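Trainee: Could you take me closely through one part of this model, the charged side chains and how they pair, and then set that part in the context of the whole chain?

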Amino acid sequence: MDTKELLKKVRKIEIKTRRLSDHVFGGEYHSTFKGRGMTFSEVRQYQFGDDVRNIDWNVTARYNEPFVKVFEEERELTMMLMADISGSEFFGTETQFKNEIVTEIAATLAFSAMQNNDKIGLILFTDQIELFIPPKKGKSHVLRIIRELLEHKPQSKKTDVGMALKYLTNVMKKKAIVFVLSDFITEGYKDTLKIVSNKHDVTGIRIYDRHEEEIPNLGMVQMYDEETGESFLVNTSSKGVRNQYYSYHRERVDYFEDAFLKSGAGALSCRVDESYVKKLLGYFKRRG
C-alpha cells in the first residue's frame, strides 16, 4: 500500500469512527469506565449531610468553623488495544474481512478514549508480539495506531492469546482498560486471563464470520488454512464433516465465553456482517 493510499484509508476510517465516537460512544465510554480515583480539588464550608470523614481539620482549626475537602474524579485512564493480526483474521465471505472490522472497532474505541483525554496504547500480536506502541494522548497518536492496524505486515500467521496477555502484564504496571480483539480460534489462555483480569479491566471482543460457524453444502471444496499454510480437500456434502466442523467451532466459542466469564472479564461477540455499533453500545449500557 503506497503512502497516498494509506493516508486515504486512514482518513476514511477516521471520518467514520470519529463520528461514532463523538455522537454515540463518548458519553457511554465515560460512564462505563470511571476514573481510577478521587483527587483533592478545594475546601468549602461544611454543609448538613457532608461526610464528616472529609473534614479538613487544619482549615477548621484555623477558621474556627468546619470545612470539608472537595474531591473530583480523577478521569485520566489508560486504554490498551490488543489486536490479533494472525492469518485467520484475513478471512471474510461477506463484505469485509475480520481484520477490517477489528481496525474499525479499535479506532472507534481509541477516539472515545481520546475524547476523555485518556492515553491509548496498542499491542499487535500473532503467536509473537508484532508491535507495541506505548500509551500516549492525542489525535496524531491515535492516527498512528490506525495506520499500524492498517499497514503492519505480520511476521507470523499463527496466534497465541495467552502469550500476548502475559506480555501485557510485563509492560503495563498500572491498571488499564484492555480490549482484546480477536476471532479467538484458539485455547490455552484461561489461566493467564484470570491473572490479567485481577489487575486490569479486560474485555474480549470476538470477531467472526458466519461461515466459520457452519460450512454450506458445496460438494468437494479445496480449503486453505491461513495459520498453518496447509491446503486440503473437504467433502462439504458429508453431514458428518459439517457436524465435525461445527463442533470444532463451538468448542472454541464455549472456551472463549467460559474463560472471560470465569475470570470476571467482559466479553462480546460480533459477526462481520452485523452492526458492531449496536453490540458495543449494548455492552457499554449493560456495564454502565
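**A charged pair on one helix**

Mentor: Glutamate 14 and arginine 11 are three residues apart in helix α1, so about one helical turn separates them. The model is a predicted one, and in it glutamate 14 forms a salt bridge with arginine 11, with the closest N and O atoms 2.9 Å apart. Side chains of opposite charge can pair when their charged atoms come close. The two partners differ in their cover: glutamate 14 counts as buried because its relative accessibility is 6%, whereas arginine 11, at 45% relative accessibility, counts as partly exposed. The pair also belongs to a wider arrangement, since Arg11, Glu14 and Lys139 are linked in a network of salt bridges.

Helix α1 covers residues 3–32, and lysine 8 has its place there as well. With a relative accessibility of 65%, lysine 8 counts as exposed, and together with Lys4, Lys9 and Lys12 it gathers in a patch of positive charge on the surface.

Beyond this helix, a search of the whole structure finds 14 salt bridges, and two further examples are useful to set beside the pair above. The side chains of glutamate 251 and arginine 252 meet in a salt bridge at 3.5 Å, N to O; here glutamate 251 is partly exposed because its relative accessibility is 46%, while arginine 252, at 16%, counts as buried. Aspartate 273 and arginine 271 likewise meet through their side chains in a salt bridge, at 2.8 Å from N to O. Aspartate 273 counts as partly exposed at 35% relative accessibility, and arginine 271 is also partly exposed, with a relative accessible area of 22%.

As for the whole chain, the protein contains nine helices and 10 strands, and buried residues make up 45% of its 288 residues. The protein exposes about 15100 Å², of which carbon and sulfur atoms supply 50%. Among the contacts with a separation of 6 or more, residues 24 or more positions apart account for 74%. One instance of chain segments brought together is lysine 157, in the loop between α4 (139–151) and α5 (161–171): its C-alpha atom is separated by 4.5 Å from that of serine 86, although the two residues are 71 residues apart along the chain. For a view of the interior, threonine 203 in strand β7 (residues 201–208) is buried, with a relative accessible area of 0%, and, leaving aside its neighbours within four places in sequence, threonine 203 is in contact with residues including Val178, Phe260, Leu268 and Arg287.

Definitions and conventions
Residues are numbered from 1 along each chain as its sequence is written. This is a predicted model: local features need pLDDT of at least 70, side-chain atom pairs count only at pLDDT 80 or more; totals for chains, interfaces and linings use all residues. Side-chain values use heavy atoms; hydrogens and water are left out. Patches are made of residues with over 30% relative accessible area and no salt bridge: like charges are joined within 9 Å, nonpolar side chains (Val, Leu, Ile, Met, Phe, Trp, Tyr) within 5 Å. Accessible areas come from the Shrake-Rupley method with a 1.4 Å probe; for residues, only the protein chains shown count as cover. A salt bridge is a side-chain nitrogen of Lys or Arg within 4 Å of a carboxyl oxygen of Asp or Glu. Lys and Arg count as positive and Asp and Glu as negative; His and the chain ends are not counted. The place of a charge is taken as NZ of Lys, CZ of Arg, CG of Asp or CD of Glu. Helices (H or I, at least four residues) and strands (E, at least two) are DSSP runs, numbered from the N terminus. Buried means under 20% relative accessible area, exposed over 50%, partly exposed in between (1.4 Å probe, protein chains only). Contact means heavy atoms within 4.5 Å.
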